[in-house]
Amino acid sequence: MIGRAALAMVLLGAAAPPPGATSCSGCHVLAGRPAANTVAALEAFRSGAKPATVMGRIAKGFSPEETQAIATWWAGQKP
Amino acid sequence: MVGGAKTMSVTRRSVVAGGLALPFAARAAGSPRVVVIGGGFGGASAARALGRYAPGVDVTLVEANATFTACPFSNHVIAGLRDIAAQRFGYKSVGTKVVHAEATGVDATARRVTLNNGTVLAYDRLILSPGIDIAWDKLPGYDEAASERMPHAWKAGAQTLLLRKQLAAMKDGGTVVMSVPANPYRCPPGPYERASLIAWYLKTHKPRSKLLVLDAKDAFSKQKLFQAGWAKLYPGILKWVSASDGGTVTRVDPATLTFATDFGSHKADVANVIPPQKAGRIAAVAGVADKTGWCPIDPVTFESRLVPGVHVIGDAAIAGAMPKSAFAANAQAKVCALAIARLLEGGTPDDPRLINTCYSLLAPHYGISVAGIYRPAKGLLTDIPDAGGTSPLDAPDSFRAQEAANADAWFRTITHEAFG
């Protein structure tokens, strides 16, 4: 066995998704969507300002910082 | 054979080590190998996630069937609301190598999988997403032959069509009896959605008929929402019997379509047995299933607690607070794929967050949902507090209709992500 650490392969690169981000695509196509739009929608869902069915319940599971990281990552994905 | 494979493996790793400065395309021969067994929502999503996020990984998806038949929305097929063709997905767009064969052996020490066509696949990491098998030894009277008379329809396909056919052939005024097992099983709210849509079918097409639901539990997912909907939509048609009230089925008789409980017996015109379940067969073969029949996993990487290098996702896994659902399998697949890529790099995977959303339909245009957000805590996937939960109990019809439409949209999106 050659130690895996010694290989220093780059498989994911710098653009690895932040925690929670990959779950979004079970329902939504967010790739390339401007981060500000996604953040605004999630903040409005969280506060109740935007009427929701399920997204209000889901948005409450993420802090503003986590929401920002998720939105930024999706914005950088190729549609 | 064993020695040869090992030699080759070392050589391959040497090539990787020697090719550090080269871009991936130039050292494709030394790519780390991931084998995925099982092409359902979990396995297909994992293969595609590796292809998308870690294209330097050499991925092979192993699936016995050429076509996948999805369980979500299969209750609509039973109720005559949907054609089964809408449930079927192929593997042509998965984008990785796909081998249509059955995995028959896993050698976790040599890191090799044996297939029933004689092929041996070497892996650096193995993902098992085998779904469920019926635990045929758990409900007296219920075996594979019995399932031709009393279908389970808990694996979508021929069983789904059999139950649909039996319902269609039943006379008006007949009695449908369903039995529901104790936890855990695939799709916790699934039996209650099925009860709802069978009741819808009876109300719409055979209004003198009844549906009796015999449950081995006293409580179930989205219970208040289901029961409020049943009182409104199906009074006098659908009767649910809890375990405390004698709902636990102890034996079935396929010759007479009879369900026995400690409190008496119930004869059916159409009998749907949702039986006890366990992880799909390859889990036991690989040694990743424990005495419960399910697979304990690390909540960060989904690596088996029992066998190193083997990861288990989807219904087969013991995922703590996460239910056994297609949504969960898809979410776990992506987290597992990323964790594996990180491990193959020699890195440490980040603590993940996962989401689950399960829609249930009580009638066409009447949907309800439950959602959860999960993170690892104390070795298990745990609910994040003050988030998730169920649809409101007091919501207008428009809200239920919106959730039904969302369920449709979810199915389209997730099947596209999983199968291309």
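pLDDT is the predictor's confidence in each residue, from 0 to 100. I start my notebook with that score, as this is a predicted model.

**Entry 1: confidence in chain A**

I looked up chain A and found a mean pLDDT of 89, with 89% of the residues scoring at least 70. Residues 1–6 of chain A stay under 50. For that stretch the model still has 13 contacts beyond four places in sequence. I wrote myself a reminder: where pLDDT is low, the predicted coordinates should not be read in detail.

**Entry 2: confidence in chain B**

Next came chain B, with a mean pLDDT of 93 and 93% of its residues at 70 or more. Where in chain B is confidence lowest, and where is it highest? I found the lowest in helix 1, at a mean of 36, and the highest in strand 17 (residues 270–273), at 99. Residues 1–28 of chain B stay under 50, and the model has 29 contacts beyond four places in sequence for them. For the complex, I noted an ipTM of 0.91 and a pTM of 0.92 from the predictor.

**Entry 3: the build of chain B**

I counted up the secondary structure of chain B: 10 helices and 25 strands. I then checked its dimensions, and the C-alpha trace spans about 75 × 45 × 40 Å along its principal axes. Does the radius of gyration suit a compact globule, or what else might I find? A compact globule with 420 residues would have a radius of gyration near 22 Å, and chain B agrees because it has 23 Å.**Entry 4: where the chains meet**

How many residues does each chain bring to the contact? I noted 52 from chain B and 34 from chain A. Together the two chains bury about 3,600 Å², and 61% of that is on carbon and sulfur atoms.

I looked for charged partners and found 2 salt bridges across the interface. One of them joins A:Arg57 to B:Glu403, with the closest N and O atoms 3.4 Å apart. The interface also has 15 residue pairs in polar contact, both residues being at pLDDT 80 or more.

Which elements of chain B supply at least two residues each to the side that touches chain A? My list has helix 1 (2–18), helix 9 (326–345), strand 22 (354–363), strand 23 (366–377), strand 25 (389–390) and helix 10 (397–419). Helix 9 of chain B gives the largest share of that side, 11 residues. Sorting the residues on this side of chain B, I got 27 nonpolar, 13 polar and 12 charged.

Key:
Residues numbered from 1 in each chain as written. Chains lettered and ligands numbered in written order. Predicted model: local features only at pLDDT ≥ 70, side-chain atom pairs only at ≥ 80, totals over all residues. Heavy atoms only, no water. Contact = heavy atoms within 4.5 Å. Buried area = accessible area lost by both parts, 1.4 Å probe. Salt bridge = Lys/Arg side-chain N within 4 Å of Asp/Glu carboxyl O. Polar contact = N/O pair within 3.5 Å; in protein donor to acceptor, adjacent residues only side chain to side chain. Helix = DSSP H or I, 4+ residues; strand = E, 2+ residues; numbered from the N terminus. Nonpolar A, V, L, I, M, F, W, Y, C, P; charged D, E, K, R; others polar. Rg over C-alpha atoms; globule rule 2.2 N^0.38 Å.
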